[in-house]
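I opened my notebook to get to know a structure that was new to me. Come along while I look things up, one entry at a time.

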Amino acid sequence: MTKAAGAGPASRDVAAPGARSRGLPVPLAILVDFDGTICLSDAADEILAREAVRPGKEELDRAYVDGSMGSRENLAACVALLPADPAPVLATADQLELDTTFAPFVARARDLGAALEVVSDGFGFYVGRGLARIGLADLPVATAETSWPEGGPILDFPFGHPTCLVCGTCKRERVLAYQARGFHVAFIGDGLSDRYAAAHADTIIAKDRLVGVCGAAGIPYVPWRTFDDVSAWLDGVAAGRTRLDPPRRRPFICGPEAWGPEPRTAAPPER
Ligand SMILES: [Mg+2]
């Protein structure tokens with residue numbers, strides 16, 4: 001069986017900040033989405049468009065967008081559209097274009113002592129490979145794990161919520177885990193899969209569809225186009241020009257706290 005996990009899985013238990021935030025006013029954790037954020041395209045969509053050997057993607061897309069199917073169920077169904085042989089799929093993954101401003105941003109954030117983690121609600125196998133291509137194989141990654149047993153690819157969700165089955169990787173739980181350790185959490189993203197994390201992050205750095213999500217929910221955000229913009233924001237924080245909001249509890253908008261204890265695979269219709 002071929003395994004294609006990320007190069008550096010995150011530890012589920014977040015370490016305390018210690019003395020690491022040396023250049024920053026508070027311990028800062030920066031969580032970064034992958035598809036459409038570090039990767040310039042939606043990696044899962046692009047891989048499916050090029051490599052799927054079975055039909056059904058459009059129907060699955062519709063169910064995800066209209067909310068009748070959560071990402072966990074959607075990803076599990078989508079990965080089954082890929083071929084039993086991982087070789088062509090991984091070759092396509094290795095051609096995905098990554099934002100060239102990401103690696104310099106990581107260097108700057110590490111220099112200041114920020115904690116970093118890539119948080120991706122996708123197939124997972126392309127994240128660690130992509131980061132390794134740009135010299136960042138040691139970056140912690142919270143995402144799904146694809147394996148290729150004989151019958152074809154399947155997914156595991158080591159960073160899924162234990163009882164809520166709506167998302168594959170629960171980005172919200174990663175935000176809460178860092179906050180519980182005393183970090184100010186900045187979340188960088190672009191899309192719908194970031195909405196539950198954005199509801200809890202202390203700073204949201206948003207582009208594309210995430211801007212609309214934040215706007216509709218009345219959540220303030222820092223706009224960005226490339227990681228140079230995020231580096232400029234970070235420099236402002238380090239220099240004291242940009243003040244970070246103090247931590248505050250935010251209402252739950254997802255998971256058992258908002259939707260009740262029964263296991264569910266899709267969010268309830270919004271009232
Ligand atoms: Mg994204």
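**Entry: strands.** A definition to begin with: I count two strands as paired if DSSP finds at least two bridges between them. This is a predicted model, and I kept that in mind as I went. I looked up strand 2 (residues 28-32) and found that it pairs with strand 7 (residues 184-189) in the parallel sense, over 5 bridges. Within this pair, I noted Leu-28 standing opposite His-184 of strand 7.

**Entry: the sheet.** Next I asked in what order the strands of the open sheet run. I read 4-3-2-7-8-9 for its 6 strands, with parallel pairing. Strand 4 (141-142) and strand 9 (222-223) stand at the edges; each has a single partner strand, so one side of each is left without a neighbour in the sheet.

**Entry: helix 3.** I then turned to residues 71-79, which form helix 3, and listed its buried residues: Ser-71, Arg-72, Asn-74, Leu-75, Cys-78 and Val-79. Looking down the helix axis, I saw that these buried residues fall within an arc of 165 degrees, so they line one face of helix 3. What do they pack against? My answer has four parts: helix 1 (43-51), helix 2 (57-65), strand 5 (145-148) and strand 6 (154-156).

**Entry: helix 2 with helix 3.** I wanted to know how these two helices lie. Their axes come within 10 Å and cross at roughly 175 degrees. An angle over 145 degrees counts as roughly antiparallel, and helix 2 and helix 3 are therefore roughly antiparallel to each other. From helix 2, I wrote down Lys-57, Leu-60, Ala-63 and Tyr-64 as making the contact, and from helix 3, Ser-71, Asn-74, Ala-77 and Cys-78.

**Entry: the core.** I looked up the largest nonpolar core and found 74 residues in it. Those with the most contacts inside this core are Ala-29, Ile-30, Val-118, Val-185, Phe-187, Ala-198 and Ile-205. Helix 10 gives the most to this core, with 6 residues. I picked Val-118 for a second look: leaving aside neighbours within four places in sequence, Val-118 is in contact with Val-32, Phe-34, Ile-38, Val-127, Leu-131, Leu-139 and Val-141.

**Entry: Ala-232.** My last stop was helix 10 (residues 227-239), where Ala-232 lies. How many other C-beta atoms lie within 10 Å of Ala-232? I noted 14, and buried would take 20 or more while exposed would take 12 or fewer, so Ala-232 is partly exposed. I also checked Ala-232 against Phe-105, 127 residues apart along the chain, and their C-alpha atoms are separated by 9.3 Å.

How values were computed
Residues numbered from 1 in each chain as written. Predicted model: local features only at pLDDT ≥ 70, side-chain atom pairs only at ≥ 80, totals over all residues. Arc of directions from axis to C-beta. Contact = placed C-beta atoms within 7 Å. Core = buried A, V, L, I, M, F, W, Y, C linked by C-beta atoms within 7 Å. Axes fitted to C-alpha atoms, helices over the stretch in contact; angles between N-to-C directions. Parallel < 35°, antiparallel > 145°, perpendicular 65-115°, else oblique.
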